[in-house]
Amino acid sequence: MKIYREQLRAMRRDLTRPQTPDERPSCPQPEELIGLIDSSGSARKKAGLIDHIFNCPSCSREFEFLLEVKRHEKSLVQEIKRRLGEEKARRQRPFFWPRLSWKTAAAAFGLFLLGSFLLRFLLAPPENTFRNGAGIKIDLIRPLENEAVRSSPVFEWKAVPGAEYYVLEIFDQALAPFWESGRTMENRLALPADLVLKMAPGKSFFWLVTAHFPRGARVHSSLREFSLRN
Amino acid sequence: MSRDRERSEEFERLLEEFSYSIRRSLEKFGLERRGIDPEDVLQEIRLRLWKKFASEKKIRSRASYISVVVNSVLTDCLRRARRTEKVLQHEKEKCLQSAEQPAGCFFSDERTWRIVAEAIDSLIESRRVVVKMYFLNANLEEIAASLGWSLDKTRNLLYRGLSDIRLKLKERGIEYEDLP
C-alpha cells in the first residue's frame, strides 16, 4: 500500500476529528498558538504544544489558519517595504542625476566646501540655537529589544545635544498608550512602583522616547519591545 | 498633497488585498461557522493598521507592528470563537455520538492513520516536532522560525524524521512517498 503527503495530511484532519470532541479547557490559549508561530517560549513547551495541536482538531484548524494569516501578513509587510524602498530610491536619485565620475565627484566636493563655508559663517545661527530635529536620532540603551526586565525596570537612552527635556511613553501589546512620564531632563527614568504593579509579567510592552527642543521641535526614538520577568 | 493621496490610496489597496486573503482563510478553515464574522475581523485589522500606519514615515519605521496589531485582533477573534464553541459543545457531542463515520473514513484509513501516528510519536523529540509541524502544513522556513533553529538544521531533522517514518511504515507494509 502506498500513501502520499497530502493524503496523510487529509487523514490526520479527518481522523482526529471524531476521536476528540472539542475539549477546549485543556487547549492552549490563542496567544500560545500565535507565540508558537512567532517563536516564543521554551523548546520543551513548544514540543508539548505541537504534540497537542497535532492531535486536537480544533487547535490544528486554528493553527493552520494562523499560519496562513501570518503568510499573508508577511507578504503585506514585504510589499509595503518594497514599495517604500522604490519610492525612496526614486526620490533620492532623480532621472537627471549624473553618473558618478571623477569630474562630478570633484565638482560635488567643491560645491560641498562652498556650501559648508556659507552655512558655517554666513547662515548659521548662534551655536546654542536649535533649528530643527532633522538628522538627529535618539539611541535607546536599555532595556534591549525584547528584553525581559526585572520588576523595577530602568529606561535609559543616549542624551541628545540641545534637547530641553524628554518624555518617555509606554504602550501595551496592542500599541495603545499605557503610560506617559512627565518632562524629565535626565536621560534615564525608573518606572513608578504602582505602575509596574499594573503591568502583567510576560506580556509585551513597547517604549518610546521623545526629545523636545526649543521652539517646539521634537524627535522620536524608534519603538522598542520589552516585557517584565515572570 | 496629491502624493499623500496617492500613497493613501495605495495603502488602502494593499490592505484590501490583505483583507481578501484573510477572508479566504477564515472561510477555508470554517471559522465563520464558529461565530467569527470575517467582516468584523477585517474591519478591526484595517482600522487599527490604518490608525498606526497612516503616514509613510510611520510605515517605514514600524512595519513590524503590523504583526502586533494582527496578533491582537486574531487573539480576540479566536477567543470569541471558543466561547461560541463552548455554547455549542453539548449539541456537538450529541451529534458526534449519533453521527456516522465521516466520508472517506474507512476502517483501513483508521488503521493506517493509527500506524502513522505511532510511527511519528516514536521519533526522537527534535525530529518529531519538525515532522508534526510539517504535517500541520507549515513549510521549512516557518518551522525553522517557530523553533528558533537554522534552516539547515530544520531541513536535516525533517529529512531524517521522514526517512525514519518511511522505514517504520515499510516494516508495517505501508510505503510513504513525500509527494503531494
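Which residue stands opposite A:Trp157 in β4(A)? Select the two strands to find out: A:Leu140 is the residue that faces A:Trp157. The model is predicted, and the tour starts from this pair.

**Stop 1: the three-stranded sheet of chain A**

Keep β2(A) selected and add strand β4, residues 154–157 of chain A; the two pair in the antiparallel sense over two bridges. Then add β7. The result is an open sheet of three strands, in the order β2-β4-β7, with antiparallel pairing. β2 (140–142) and β7 (188–190) are the edge strands, each pairing on one side only. From one strand to the next the twist averages 20°.

**Stop 2: strand β8 and its partners**

Next select strand β8, residues 204–212 of chain A. Strand β5 (residues 165–171) of chain A pairs with β8 in the antiparallel sense, over seven bridges. To find a point on this pairing, label A:Tyr166, which stands opposite A:Ala211 in β8(A).

Now show strand β10, residues 224–228 of chain A. β10 and β8(A) run antiparallel and are joined by four bridges. Here the residue to label is A:Ser204, which has A:Ser227 of β10(A) opposite.

Add strand β9, residues 218–220 of chain A, which pairs with β8(A) in the antiparallel sense over three bridges. A:Ala211 appears again here, opposite A:Val219 in β9(A). β8(A) and β9(A) form a hairpin with five residues between them. In the turn, select A:Arg215, where phi is positive, at about 65°.

**Stop 3: helix α2 of chain A**

Move to helix α2, residues 30–37 of chain A. Its buried residues are A:Pro30, A:Glu31, A:Leu33, A:Ile34 and A:Leu36. Step just past the helix to A:Ser39, which takes a positive phi of about 65°.

**Stop 4: the nonpolar cores**

Keep A:Pro30 and A:Ile34 on screen and add B:Leu74. Leaving aside neighbours within four places in sequence, B:Leu74 is in contact with A:Pro30, A:Ile34, A:Leu66 and A:Val69. B:Leu74 belongs to the largest nonpolar core, which has 50 residues. The members that touch the most others are A:Ile53, A:Leu66, B:Leu74 and B:Met133. A second, separate core has nine residues, including A:Trp157, A:Ala163, A:Ala211 and A:Phe213. Two of these have been visited already: A:Trp157 opposite A:Leu140, and A:Ala211 opposite A:Tyr166.

**Stop 5: two helices of chain B**

Select helix α6 (residues 125–135) and helix α8 (residues 151–171) of chain B. At what angle do they pack? The angle is about 90°, and the axes are 8 Å apart. α6(B) is therefore roughly perpendicular to α8(B).

To display the contact, select these residues:

- from α6(B): B:Ser126, B:Arg127, B:Arg128, B:Val130, B:Val131 and B:Tyr134;
- from α8(B): B:Thr154, B:Leu157, B:Leu158, B:Arg160, B:Gly161, B:Leu162, B:Asp164 and B:Ile165.

Coloured by class, the contact of α6(B) with α8(B) shows seven nonpolar, three polar and four charged residues.

**Stop 6: chain A as a whole**

Finally, zoom out to chain A. Its secondary structure comes to six helices and ten strands. Colour chain A by burial: buried residues make up 22% of its 230 residues. A contact map of chain A can be read alongside. Among contacts between residues at least 6 apart in sequence, 62% join residues at least 24 apart.

Note on methods:
Residues numbered from 1 in each chain as written. Chains lettered and ligands numbered in written order. Predicted model: local features only at pLDDT ≥ 70, side-chain atom pairs only at ≥ 80, totals over all residues. Buried ≥ 20, exposed ≤ 12 C-beta atoms within 10 Å, placed from the backbone. Pairing = 2+ DSSP bridges. Contact = placed C-beta atoms within 7 Å. Axes fitted to C-alpha atoms, helices over the stretch in contact; angles between N-to-C directions. Parallel < 35°, antiparallel > 145°, perpendicular 65-115°, else oblique. Nonpolar A, V, L, I, M, F, W, Y, C, P; charged D, E, K, R; others polar. Core = buried A, V, L, I, M, F, W, Y, C linked by C-beta atoms within 7 Å.
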